[in-house]
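This explanation walks through one protein structure, starting with its strands and moving on to its loops. Please keep the sequence and the 3D view at hand while reading.

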Amino acid sequence: MKPFVHATILFCLFMISVVPVFAGPFKIMSLCDLNYPSDDGIEWECRKLMRGDSPVKLFGGHWMDVLRFNRLDRRHFITGLSIKVPKRLEDVKEFTPMPATYPAAEAEEKFILVDQSEMFLGAYEYGELVLSFPIAVGRDGTRVPNGEFQIDAVDRWHRSNLYSVEGLGIPYPMHYGLRFYVDKREDGWSTYWIHGRDLPGYPVSHGCIGLYDEEMQKKVYKSPKNVLLQDAKTLYLWVVGSHADSGKFHKIPYGSRVLIIGTPPI
């Protein structure tokens, strides 16, 4: 078995690939209980979602901002979930807790900063923030490793070869995969990826970094019906840039540096 396949088996499997969404010990129904450093700068109140609520119905043109503030995707905007609602929606317009500049990366064409304490990722060009995304990370026991890494391989249609989507029997998709670390200390090796996945609003991955991927969600779950949030695809295309890309797994010599810092809220 190839080393990158072991990556899928050992560390990039996430709970929804083996159990239903919000099932088991990882169930969290109040995102208000998660504390991020950036929360101190925004006044918010906790609101429990009711039947018939939708992001657009509640927040109008700010619906994407509120989802980003909660690190939440539309598929998990469900009845009974409590979320953080800013008292002034304009306070979270184009929300990001990532610094606008990162001087340590001023000499680098492309650089990725992942802040686990904020559950957010920032993409920088010569030290200037150009993209930022909410992310899913792992919790205690399945943490994303902190440290400096580099993207060394990409796989547009990466998927698990061991676990399947609950009830469908198809390999779990991990699209727009960017491999940033191969840990050769363990038997069979363990590898870590940035890739598309569900974002339930709290740490849930088994060691990888997840981004919005409504393209995958529509194909697999038939929800949401209209694809709007495609952060995984956006970051993938930014990393690949003008370089040739077959869409299949291949190593790359031009991958950006990745710095991962912080500790998730749980």
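Two strands pair if DSSP finds at least two bridges between them. The model shown here is predicted. In this model, five strands form an open sheet in the order β12-β11-β10-β7-β13, and the pairing is mixed. Its edge strands are β12 (209-211) and β13 (250-251), each of which pairs on one side only.

At the β12 end of that order, the neighbour is β11 (residues 190-196), and these two strands pair in the parallel sense over three bridges. Across this pair, H195 stands opposite G210 in β12. A helix also meets the sheet: α5 lies across β7 (153-155), β10, β11 and β12. The angle between α5 and β10 is about 75°.

Another pairing involves β1 (residues 44-48) and β2. Five bridges join these strands, which run antiparallel. R47 stands opposite I83 in β2. How many residues of β2 are buried? Five of its five residues are, so the strand is mostly covered under the cut-off of less than 20% relative accessible area. The side on which each residue points can also be followed: S82, K84 and P86 point one way from β2, while I83 and V85 point the other way, and all are buried.

The loops hold further details. Leading into β2 is the loop between α3 (63-70) and β2 (82-86), where R71 is placed. R71 is not a glycine, yet its phi is positive, about 55°. Is R71 buried or exposed? With 0% relative accessibility, R71 counts as buried.

M119 offers a second case of a positive phi in a residue other than glycine, with a value near 50°. M119 sits in the loop between β3 (111-115) and β4 (120-125). Its relative accessible area is 0%, so M119 is buried.

H175 belongs to the loop between β9 (171-173) and β10 (177-183). Because its relative accessible area is 10%, H175 is buried. Which residues does H175 contact, leaving aside its neighbours within four places in sequence? They are R156, W157, H158, H195, G196, D213 and M216. One of these, H195, is the residue that stands opposite G210 in β12.

The last stop is the loop between α4 (214-221) and α5 (231-240), which contains P224. A cis peptide bond joins S223 to P224, with omega about 0°.

How values were computed
Residues numbered from 1 in each chain as written. Predicted model: local features only at pLDDT ≥ 70, side-chain atom pairs only at ≥ 80, totals over all residues. Heavy atoms only, no water. Helix = DSSP H or I, 4+ residues; strand = E, 2+ residues; numbered from the N terminus. Buried < 20%, exposed > 50% of the residue type's maximum accessible area, 1.4 Å probe, protein only. Contact = heavy atoms within 4.5 Å. Axes fitted to C-alpha atoms, helices over the stretch in contact; angles between N-to-C directions.
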